Amino acid sequence: MKTILLIGLGRFGRHIAMKLNELNHQVMAVDKDEEKVNAVLPFVTNAQIGDSTSEEFLSALGVRNFDVCIVAIGDNFQSSLETASLLKELGAQKVVARAARDVQAKFLLRNGADEVVYPEKQMAVWTAIRYSSDHISDYIALGDDHAIFEVEVPDSWIGKTIGQLDVRKRYHVSIMAIKQNGKFAMTVITPDTCLPAHSTILVLGTQRDIQKCFHI
């Protein structure tokens, strides 16, 4: 369990709060809009109404005591930049900030943010890849051109073993797990593992190798 300071409670921030609550983390939520603060109260440990660009206000929160500080402000980049900078000046352990464009990311990383997330860009990439093929069920980018894809088992692979297919040697793709009916059926994969019909597999590799292997 981690202690997290979440600043900015728009739609993105609210969804973060809800997920952190599911994961049983302790969350202090902050926004200058009282209505937004009230909306997340069921999902957070504590909440404050205030201006995150105020050094006095942030200092009173004890930012050093949080494992992670997330700046989820999306409608005012100046406020996001000032908040990230102040958090680092006040001794925040880790600052993660939201960006909409590369130029914003550069400024944030130079002025306090340890890491930057692009929710719109990341979701756009996921949507384009997920729905551009009938055979892809899910996709997770790993940042260095590698990715994990959940794909349908090709008809020609059904009933064959991992060893017979030898996809790691032929395509440089690793099969990590098998799912049936949306649930993991096998997570320990060996050369003798047989691929069943009506199932999907989680595969790891570069996007180029996976696309070549599955004709995506």
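Which residues does T193 touch, not counting residues up to four places away in sequence? In this predicted model, T193 touches K160, T161, I162, I178, M186 and V188.

**T193 and its loop**

T193 sits in the loop between β10 (183-186) and β11 (200-206). Its relative accessibility is 8%, so T193 counts as buried; the cut-off for buried is under 20%. The side chain of T193 also has a polar atom 2.9 Å from the backbone nitrogen of T190. One of the contacts listed for T193 is M186, and residue 186 is the end of β10.

**Two domains**

The domain assignment splits the protein chain into domain 1 (3-117) and domain 2 (123-214). Their C-alpha centres are 36 Å apart. UniProt, in an unreviewed entry, lists residues 1-118 as "domain: RCK N-terminal". Over residues 1-118 the chain is 41% helix and 22% strand. The end C-alpha atoms of that stretch are 25 Å apart.

**Nonpolar cores**

The largest nonpolar core has 26 residues. Those with the most contacts inside this core are L5, I7, V30, L58, L87, L108 and V116. Strands and helices both feed it: β1 (3-7), β2 (26-31), α3 (55-61), β4 (68-71), α4 (77-89), β5 (95-98) and α5 (102-110) each supply at least two residues. The top contributor is α4, with 4 residues.

V30 shows the packing around one of these core residues. Leaving out residues up to four places away in sequence, V30 touches L5, L6, I7, G8, L9, Q48, G50, F57 and L61. Two of these partners, L5 and I7, are themselves on the list of residues with the most contacts inside the core.

Another core lies apart from the largest one. This core has 20 residues, among them I136, V167, I201 and F214.

**Cysteines**

How many disulfides does the model have? The count comes to 0. A disulfide needs two cysteine sulfur atoms within 2.5 Å. For C194, the nearest cysteine sulfur is that of C213, 17 Å away. For C213, the nearest is that of C194, also at 17 Å. Neither C194 nor C213 is in a disulfide.

Burial for T193 and these two cysteines is set out below.

| Residue | Relative accessibility | Class |
|---|---|---|
| T193 | 8% | buried |
| C194 | 35% | partly exposed |
| C213 | 5% | buried |

C194 counts as partly exposed because its relative accessibility is 35%. C213, at 5%, counts as buried.

Technical notes. Residues numbered from 1 in each chain as written. Predicted model: local features only at pLDDT ≥ 70, side-chain atom pairs only at ≥ 80, totals over all residues. Heavy atoms only, no water. UniProt positions renumbered as here; feature names shortened; annotations may be inferred. Buried < 20%, exposed > 50% of the residue type's maximum accessible area, 1.4 Å probe, protein only. Polar contact = N/O pair within 3.5 Å; in protein donor to acceptor, adjacent residues only side chain to side chain. Contact = heavy atoms within 4.5 Å. Core = buried A, V, L, I, M, F, W, Y, C linked by side-chain atoms within 4.5 Å. Domains from an automatic or database assignment.
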